[in-house]
Every structure is written in C-alpha cells, then in structure tokens.
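Hi everyone, thanks for making the time. I'd like to walk you through one model this morning, so please have a look at it while I talk.

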Amino acid sequence: MGRAIRVPYLVSGTNEYGSSNLGRGTAAVALRLARRLLREGYMDVRVCTPRGLVLQPDEFDQLEPAKESDMAKGQQRGNREAKKPKKEKSKVIAAAPSRKEAAWQPDFGPAKKK
C-alpha cells in the first residue's frame with residue numbers, strides 16, 4: 001500500500017450532483033480552486049486550513065499573502081542584513097608588460113623521498 005499524501009488545505013463544495021472534497025498543498029492553489037468552484041456554480045464552498053479554520057467565500061481574502069507594496073518602506077527587509085562593500089580590484093591590461101620581477105629559483109630536478 002502507498003504512503004498517504006498530506007494535503008494541508010481542504011476545499012469543499014456542493015453542486016447538483018453531490019459534494020466534492022479536494023485537498024491542495026498550498027493556500028494559493030486552494031484559493032484558486034475554491035474560486036473556480038464558485039464560478040462553476042458550486043454552493044457552500046469552503047476552505048479548511050491546516051489549523052482547522054474553516055473559511056467561507058467572503059473570508060477567502062485571509063488566505064492571500066500580504067503584498068510587499070502594502071508594507072511601509074521601514075518595515076521591508078532585504079534577505080541580507082548588511083551588504084558588504086565590494087573590494088576594489090586593480091584592472092589588468094593584457095597588452096601591458098608585467099611590473100613584477102620574476103625571482104630566479106634554481107631547479108634541483110625531481111625530489112627523492114627516503
């Protein structure tokens with residue numbers, strides 16, 4: 001037997017053929033389904049949340065996430081607390097000769113291990 005799939009949001013509604021109970025994984029998808037059932041003429045459409053709260057159609061806006069534009073500028077936070085200033089890099093021109101002097105190092109040949 002397969003594992004049971006957990007769906008936290010339950011959308012239910014009734015039409016002339018009977019009732020439907022459909023599980024959905026996220027609030028946005030459950031809300032979209034509930035509104036589609038209402039457009040198709042279903043009655044008594046409800047959404048049950050993971051905490052057991054049962055929402056009627058006039059309460060569906062509680063499931064919509066708050067938009068960032070609704071928040072005041074002071075309340076908005078970036079995903080990084082403080083941005084570090086970028087380190088300045090010196091530009092290297094490929095055509096210009098290197099200014100570093102190469103230090104001569106003797107070649108002792110392959111090293112022998114004892």
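Let's begin with a question: in what order do the elements of the protein chain run from the N terminus on? The answer is β-β-α-β-β. That gives one helix and four strands in the protein chain. Please keep in mind that this is a predicted model.

Now to the sheet. The four strands make an open sheet, and their order across it is β2-β1-β3-β4, with antiparallel pairing. At the edges sit β2, residues 18-24, and β4, residues 54-55, each of which pairs on one side only. Helix α1, residues 27-39, packs on this sheet and touches β1, β2 and β3, the last of these being residues 43-48. If you like angles, the direction of α1 makes about 5 degrees with that of β1.

Let me stay with β1 for a while. This strand covers residues 9-15, and seven bridges join it to β2, the two running antiparallel. β1 and β2 form a hairpin, with two residues between them. You can find the pairing by eye: Asn 15 has Gly 18 of β2 as its bridge partner, and Val 11 stands opposite Leu 22 in β2.

Then there is β3. Four bridges join β1 to β3, and these two strands also run antiparallel. Here we meet Val 11 again, as its bridge partner in β3 is Val 47. So Val 11 is a handy place to put your cursor: Leu 22 stands opposite it in β2, and Val 47 is its bridge partner in β3. As a general reminder, strands of a sheet pair through backbone hydrogen bonds, either parallel or antiparallel.

Why do we say that β1 is largely enclosed by the rest of the structure? Because five of its seven residues are buried, with buried meaning under 20% relative accessible area.

Let's step back to the whole protein chain. Of its 114 residues, 16% count as buried. The chain exposes about 11300 Å², and carbon and sulfur atoms supply 51% of that area. Finally, a word on contacts: taking those between residues at least 6 apart in sequence, 36% join residues at least 24 apart.

That's my tour, and I'm happy to rotate the model for anyone who wants another look. Thank you!

Definitions and conventions: Residues are numbered from 1 along each chain as its sequence is written. This is a predicted model: local features need pLDDT of at least 70, side-chain atom pairs count only at pLDDT 80 or more; totals for chains, interfaces and linings use all residues. Side-chain values use heavy atoms; hydrogens and water are left out. Two strands pair if DSSP finds at least two bridges between them. Contact means heavy atoms within 4.5 Å. Axes are lines fitted to C-alpha atoms, for helices over the stretch in contact, and angles run from 0 to 180 degrees between N-to-C directions. Buried means under 20% relative accessible area, exposed over 50%, partly exposed in between (1.4 Å probe, protein chains only). Accessible areas come from the Shrake-Rupley method with a 1.4 Å probe; for residues, only the protein chains shown count as cover.
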